[in-house]
Every structure is written in structure tokens, then in C-alpha cells.
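Please open the model in your viewer and keep the sequence panel beside it, since each stop on this tour begins with something to select. The route goes from the whole chain to its interior and then to single residues in loops and in a helix.

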Amino acid sequence: MLDNIKNFMAICPLLSEIDVNINYLGEDVDNAAVESISAEPVVKTYTDGGTIRQYFFAIALRQSFGQDAAISLLEQIGSWIELQNKVGILPTLSSGQSPISLEIFKTGWLDDNTSHTAKYQLQCRLVYDQD
């Protein structure tokens, strides 16, 4: 699933100059990653065995500590994600899975700060139908 999300985030013009990793955020500034967040995957089960599922993940950035530009960048990425959701441009998923929505549930979160750098996160939820 993270590969699909990484591929989707690759079309975000705000990340065009930043290498995006999967489940690994480097220690140097201007690093980015998509990281999985554990959560109950099944939201609803239908009588035919199909399910509505959710997948939680974070978009993490390593930037200079205290840099307002990092929060601004996260807010802009969040706005881009909201726009993509609104117009129906969602990640391409595996066979038997159809995306329903992509939502942001926590923005601008600061985590793992040192004296020089900090990890800023935008936490998201992808809701999808699975046959």
C-alpha cells in the first residue's frame, strides 16, 4: 500500500525536488517519507464478504528545527491532498481495491526534534473498498 501512496505523492508538485522514501526518514534536512501507522483496517464488512477498509499513514519531512517554512510546506501539501480528494484523483490501488477518499486527520505535527532538525508530520487516512 505504501508503494501506491508513494507513487501518488510523486505527482505532488511540492515534493518534486525531494526524494520520498518508504518507512525511512533520513537525518539530513530536506528528506521525506511515507510511513505506515497501525490501525484497525476494516471499517465495514458486507454480507458478500466485501469490505470498506482504511489505511493510516504519515507524510513526514525532515527540516531545520523551528523553521516556519516546514509547517507552511506541510499545510500546502495538505491543501494539495484535499484538492485531489475533492476532484477524485486518488492513489491507484491493487486489483480488487478501489479508493473512496483520502483525508487528513492531523496536520503540522512536530516529532523527534534535535537541536538542529525536526520531523514534521501530516497524518492521513485512505478509505477504500476491497472485494
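The stops below follow that route.

**The whole chain**

Begin with the entire chain in cartoon view, bearing in mind that this is a predicted model. There are two helices and six strands to find, and if you trace them from the N terminus, the elements follow the order α-β-β-β-β-α-β-β. Aligned along the principal axes, the C-alpha atoms occupy a box of roughly 55 × 25 × 20 Å. How does the radius of gyration of the chain relate to that of a compact globule with 131 residues? The chain has 15 Å, which agrees with the value near 14 Å that such a globule would have.

Now switch on a surface. The accessible surface of the chain is about 7100 Å², and carbon and sulfur atoms make up 47% of it, while 43% of the 131 residues count as buried. If you colour by charge, you will have 8 positive and 17 negative charges to place, and the mean positions of these two groups lie 7 Å apart. Contacts across the sequence are also worth displaying: among those with a separation of 6 or more, 62% join residues that are 24 or more positions apart.

**The nonpolar core**

Next, hide the surface and select Met9, Leu15, Phe57, Ile59, Ile77, Ile81 and Leu102, which touch the most other members of the largest nonpolar core, a group of 29 residues. Two or more residues of this core come from each of α1 (2-9), β2 (31-37), β4 (51-64), α2 (68-87) and β6 (117-130), and it helps to colour these elements separately. In soluble globular proteins, nonpolar side chains tend to be buried together.

Centre the view on Ile59 and show what surrounds this side chain. Beyond the residues up to four places away in sequence, Ile59 touches Met9, Ala33, Val34, Leu74, Ile77, Ile81, Tyr120, Gln121, Leu122 and Cys124.

**Gln84 in helix α2**

Move along to Gln84, which is placed in helix α2. Is Gln84 buried or exposed? Gln84 is buried, because its relative accessible area is 8%, below the 20% under which a residue counts as buried. With residues up to four places away in sequence set aside, the contacts of Gln84 are with Phe8 and Ile89.

**Ile18, between α1 and β1**

Select Ile18, in the loop between α1 and β1 (20-22). Ile18 counts as buried, since its relative accessibility is 14%. Its contacts, once neighbours within four places in sequence are left aside, are Asp30, Asn31, Ala32 and Leu73. Then draw a distance from Ile18 to Ile37: these residues are 19 apart in sequence, and their C-alpha atoms are 22 Å apart in space.

**Asp30 and Asn23, between β1 and β2**

From Ile18, follow the contact to Asp30, which lies in the loop between β1 and β2. Asp30 is partly exposed, as its relative accessibility of 47% indicates, and its phi is positive, at about 65 degrees, although Asp30 is not a glycine.

Asn23 is found in the loop between β1 and β2 as well, and it too has a positive phi without being a glycine, here about 55 degrees. At 43% relative accessibility, Asn23 counts as partly exposed. Show its surroundings and you should find Leu2, Val34, Glu35 and Ser36 in contact, apart from neighbours within four places in sequence. A distance drawn from Asn23 to Ser72, 49 residues apart in sequence, gives 23 Å between C-alpha atoms.

**Tyr46, between β3 and β4**

Finish at Tyr46, in the loop between β3 (42-45) and β4. The relative accessible area of Tyr46 is 34%, so this residue is partly exposed. Which residues does Tyr46 touch, not counting those up to four places away in sequence? They are Thr51, Ile52 and Asp129. As a last step, select Asp131 together with Tyr46: 85 residues separate the two along the chain, and their C-alpha atoms are 9.7 Å apart.

Methods. Residues numbered from 1 in each chain as written. Predicted model: local features only at pLDDT ≥ 70, side-chain atom pairs only at ≥ 80, totals over all residues. Heavy atoms only, no water. Core = buried A, V, L, I, M, F, W, Y, C linked by side-chain atoms within 4.5 Å. Buried < 20%, exposed > 50% of the residue type's maximum accessible area, 1.4 Å probe, protein only. Helix = DSSP H or I, 4+ residues; strand = E, 2+ residues; numbered from the N terminus. Contact = heavy atoms within 4.5 Å. Rg over C-alpha atoms; globule rule 2.2 N^0.38 Å. Areas by Shrake-Rupley, 256 points an atom, 1.4 Å probe, with all protein chains shown as cover. Lys, Arg positive; Asp, Glu negative; His and termini not counted. Charge placed at Lys NZ, Arg CZ, Asp CG, Glu CD.
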